[in-house]
Amino acid sequence: MVKRFKIWTYREGERPLVHRAPMTNIYSIEGQFLDEMESGKSPFRAQTPDEAHMFYIPVSVASIIHFIYQPVLTKKDYDRGRLHRIVDDYVGIVAGKYPYWNRSQGADHFVVSCHDWAPDVSKDNPKFYSKLIRVLCNANTSEGFRPARDASLPEVFLDYGRLGPVEPGGSDPSNRTTLAFFSGGIHGHIRRLLFERWHGKDRDVQVIERLPDRSIYMSRMARAKFCLCPSGHEVASPRIVEAISVGCVPVLISRNYSLPFGEVLDWSEFTVTVTVERIGEIKAILGGVSEERYLELFRRVKGVRRHFAVNRPARPYDLLHMVLHSLWLRRLNVRL
C-alpha cells in the first residue's frame, strides 16, 4: 500500500464548506485527515487524477453545520435539506467535469466525517450514492453504516496545539487503584442507564459527570484499570482512544457499533465488552477478570496504542495510516 496507493483530492470549491474542517475538539480527525491529504507532504497524494486509485471528496459536514446551520432556533433548522443540496451540488460538479465518478458510479470515491449528521449525506439519493465509501465516526449499522463498504473512523478529541492525549503517568498496573472509571455527559439511553445504576454508588466503579479540568480527567483515567466507554447520542466515543493512550483497558458499552480497523485488529484482545443489558453487572464482570487476563489486556492495549496516535505528517501504522489502509482494502474490491 505505502509504495502504490495514490489519492486525488478534488480541488474544486472554496472554503469554508470544502477544503476546511475542524482540526481540534471532538471532530478533529475530520480536519486532520483533510489537512494531511492537502498539505502536499503525504506520499499518498496523487500528482494527477489519472494516477489515482481513489478520489477524496473534501466536503466537511462539520463545517457545513457550523457555517450554514447556526444558530439552530427551531426544529425546522435541523432539516437536512441544505446539507443534501451542498453535497449533491459538489458531487454533481466533479462528476460532470471528470470521468472518474461515472466510470465507477462513485465506488472509488470517499468522504470523511466525524459529525453526527455525516451518515445523512447519502440519504436523499441512496441509489446515486450506493457505492460511495463513507469514512465515519458514527459507524452505526442500525442507521445504514455498511461495514463491507464504509470505514469506521476513530473519534479523537484533540486540544488546541497538540496532536494527542498526553499520558499523565500511572501506566504501571500496580498504580491503578480504581477498578473502573467514567466521566462525561448524561446523554443517550446507554449513559442514562449507566448513571442510574452507578453514579456515586460504588468506590470501585466510579461514574461521575464531566470534569471541568481535562488534565484531571486524563489523570483519573490513568489510575484506573478499566475505562468505561459507553455510547452517547451516537455510537462512537473519544474515550476509547483516550483510554488506550493512557493504558486503561477500554470497556465497550454500545449497540450496533462497527469498530474501527476491524479488518486487522481483534478488539477482543485488548478490550472488554459489556452488553447494555448487563450494565448493572459491571463490577462483577470486571472484578471477575483474572490478574493474568488483565495484565494480558494491559499489554495488548499498549501494543495497539500506536494505531490510535495522530501524527503530522502521518507515520506508518498510526491512526491516519490505518484509515488509509481501510480505504486501500475497500479499493481492492472495486473493479473498473
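Let's start at Val251, which stands opposite Val272 in β10. Val251 belongs to that pairing because β9, residues 249-253, and β10 are joined by 2 bridges and run parallel; strands count as paired if DSSP finds at least two bridges between them. Helices (H or I, at least four residues) and strands (E, at least two) are DSSP runs, numbered from the N terminus.

A quick word on the model. It is a predicted one, where local features need pLDDT of at least 70 and side-chain atom pairs count only at pLDDT 80 or more, while totals for chains, interfaces and linings use all residues. Residues are numbered from 1 along each chain as its sequence is written, and side-chain values use heavy atoms, with hydrogens and water left out.

Now, the sheet. What is its strand order? It is an open sheet of 5 strands, β7-β6-β8-β9-β10, with parallel pairing. The edges are β7 (205-208) and β10 (272-273); each has a single partner strand, so one side of each lacks a neighbour in the sheet.

Next, β6. All the way along, β6 is mostly covered, with 6 of its 6 residues buried, buried being under 20% relative accessible area with a 1.4 Å probe, protein chains only (exposed is over 50%, partly exposed in between). β6 is joined to β8 by 3 bridges, in parallel, and Thr178 stands opposite Ala224 there. On the β7 side there are 4 bridges, again parallel, with Ala180 opposite Val205. From β6 the chain crosses through α5 to β7, and this β-α-β crossover is right-handed: with the strands pointing away from the viewer, the path from the first strand over the helix to the second runs clockwise.

Helix α5, residues 189-198, lies across β6, β7, β8 and β9, at about 120° to β7. Here axes are lines fitted to C-alpha atoms, for helices over the stretch in contact, with angles from 0 to 180 degrees between N-to-C directions, and contact means heavy atoms within 4.5 Å.

Over to α1, residues 28-38. How many of its residues are buried? The count is 9 of 11, among them Ile29, Phe33 and Leu34. The buried residues pack against β1, β2, α2, β3 and α10. Just after α1, Gly40 takes a positive phi of about 85°.
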